[in-house]
Structure formats: structure tokens, C-alpha cells
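Biologist: I am new to this structure and would like a close look at a single part of it, with its surroundings explained step by step. Could you take one pairing between strands as the starting point and build outwards from there?

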Amino acid sequence: MTHDFTAPYVEGPPIRTANPFSARTAPDGREVVVEGLCPRCQGPTASPFRLGLPGAGGTKGVLSRLVGRPPEADPARDVLATEMLFCECGYAHPQQPADVPFVGCGASWRVTVPPPDGPGA
Ligand SMILES: [Zn+2]
Ligand SMILES: [Zn+2]
């Protein structure tokens, strides 16, 4: 699949996608970056999520749920499992409003992640 630049900007209900997404924690441990292909326009998108910094801003909902979890919890995995992702392919799709928070096709989606390794983990 290639990036569909002709897809008009549409904000709709979240898409369920089987596209593979990867989440990695930034070197400073304060940010998780989720990368993959937008399930709608197929453009490459990368969404940073700031971790555990109440009041530090962030337009996508700071991950307050992650604060106070055991340090061994994997924030990257949690982000992937819980956060809504938005297309940030960076391409100004047709009919895109001027003030959109994320430059892309307007799609949003959730990623299905496999359960943790082992029973009861
Ligand atoms: Zn897109
Ligand atoms: Zn796109």
C-alpha cells in the first residue's frame, strides 16, 4: 500500500486496525513514540506521548493513568494498548481545516495488542 494523498480529510469514529504499530520509549524515558502506517491513508505516522508529567501540557491527554504504576510496567506497551492514535502523516490532505491539531487525513484508531506473555502476567 502506498500513501493515498487523495483521501480527503475526514474525522470519523476510531478505526480498528490490524496494521502493525511499534511503540518505543524515548531515551529519557519521558516519552513514548508510536509509529506505524495510518490505516486510512497509509501514510507513515509517528505520535509522541509524554509520560507522567502532570501540567506539562500535551494535546492528546497526558497519560495520568500511568503515573504511580510500578516502575517495571512497560509504558510503551501501555501507550499502545490504551491510547487513541491520530494520523500525523504530515501531509495536508484535501479539505483539511486550517487549524487541525494533527496534520494528516483526520483518521483516528486504536491498536490491538496481544496479551502480555504468560498467563496472569
Ligand atoms: Zn492518515
Ligand atoms: Zn496521509
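Modeller: Let me start with F86, whose bridge partner in β6 is S108. That bridge belongs to the pairing of β5 with β6, which is antiparallel and consists of two bridges. Please keep in mind that this is a predicted model, in which strand β5 (residues 85-86) has the highest mean pLDDT among the elements of the protein chain, at 96, while helix α1 (residues 75-82) has the lowest, at 87. For the protein chain the mean pLDDT is 83, and 77% of the residues reach 70 or more. Residues 55-59 call for caution, since pLDDT stays under 50 there and the model has three contacts beyond four places in sequence for them.

Strand β6 also pairs with β1, this time in parallel, over three bridges. Within that pairing I15 has W109 in β6 as its bridge partner. Now look at the two faces of β6: W109 and V111 make up the covered face, whereas S108 and R110 make up the uncovered one. This can be read beside a general rule, that side chains in a regular strand alternate between the two faces of the sheet. The S108 that stands opposite F86 is thus on the uncovered face of β6, and the W109 that stands opposite I15 is on the covered face.

To place these strands in the chain, note that there are one helix and six strands, and that from the N terminus on they follow the order β-β-β-β-α-β-β. The loop between β5 and β6 holds Q95, a residue other than glycine with a positive phi, near 70°. Q95 is exposed, because 11 other C-beta atoms lie within 10 Å, and the cut-off for an exposed residue is 12 or fewer.

From β6 the view leads to the helix, since the buried residues of α1 pack against β2, β3, β4 and β6. Those buried residues are P75, V79 and L80, and they lie on the same side of α1 because they cover an arc of only 140° around the axis. The helix lies across β2, β3 and β4, and runs at about 140° to β2.

The three strands that α1 lies across form an open sheet of their own, in the order β2-β3-β4, with antiparallel pairing. Because β2 (21-25) and β4 (44-50) stand at the edges with a single partner strand each, one side of each has no neighbour in the sheet. On average, neighbouring strands of this sheet are turned by 20° against each other, direction ignored. Five bridges connect β2 with β3 in the antiparallel sense, and among the facing residues S22 stands opposite E35 in β3. The two strands form a hairpin with five residues between them, where G29 in the turn has a positive phi of about 75°. On the other side, seven bridges link strand β3 (residues 31-37) to β4, again antiparallel, with V33 facing P48 in β4 as its bridge partner.

Two loop residues beside this sheet are also of interest. N19, in the loop between β1 (15-17) and β2, is in contact with G36, L37 and P39, leaving aside neighbours within four places in sequence. The C-alpha atoms of N19 and G36 are 7.4 Å apart, although 17 residues separate the two along the chain. In the loop between β3 and β4 sits Q42, another residue other than glycine with a positive phi, here near 65°. Q42 counts as partly exposed because it has 18 C-beta neighbours inside 10 Å.

Finally, the interior ties these parts together. The largest nonpolar core has 20 residues, of which V34, C41, C87 and C105 touch the most other members. At least two residues of this core come from each of β2, β3, α1, β5 and β6 (108-111), so the pairing with which we began, β5 with β6, joins two strands that both contribute to the core. Not counting residues up to four places away in sequence, C105 touches A7, Y9, C38, R40, C41, C87, C89 and H93. Over the whole chain of 121 residues, 26% count as buried. Among contacts between residues at least 6 apart in sequence, 57% join residues at least 24 apart.

Terms used:
Residues are numbered from 1 along each chain as its sequence is written. Chains are lettered from A and ligands numbered from 1 in the order in which they are written. This is a predicted model: local features need pLDDT of at least 70, side-chain atom pairs count only at pLDDT 80 or more; totals for chains, interfaces and linings use all residues. pLDDT is the predictor's confidence in each residue, from 0 to 100. Helices (H or I, at least four residues) and strands (E, at least two) are DSSP runs, numbered from the N terminus. Two residues are in contact if their C-beta atoms, placed from the backbone, lie within 7 Å. Two strands pair if DSSP finds at least two bridges between them. Axes are lines fitted to C-alpha atoms, for helices over the stretch in contact, and angles run from 0 to 180 degrees between N-to-C directions. A nonpolar core is a set of buried Ala, Val, Leu, Ile, Met, Phe, Trp, Tyr and Cys residues joined through C-beta atoms within 7 Å. The arc is that of the directions from the helix axis to the C-beta atoms.
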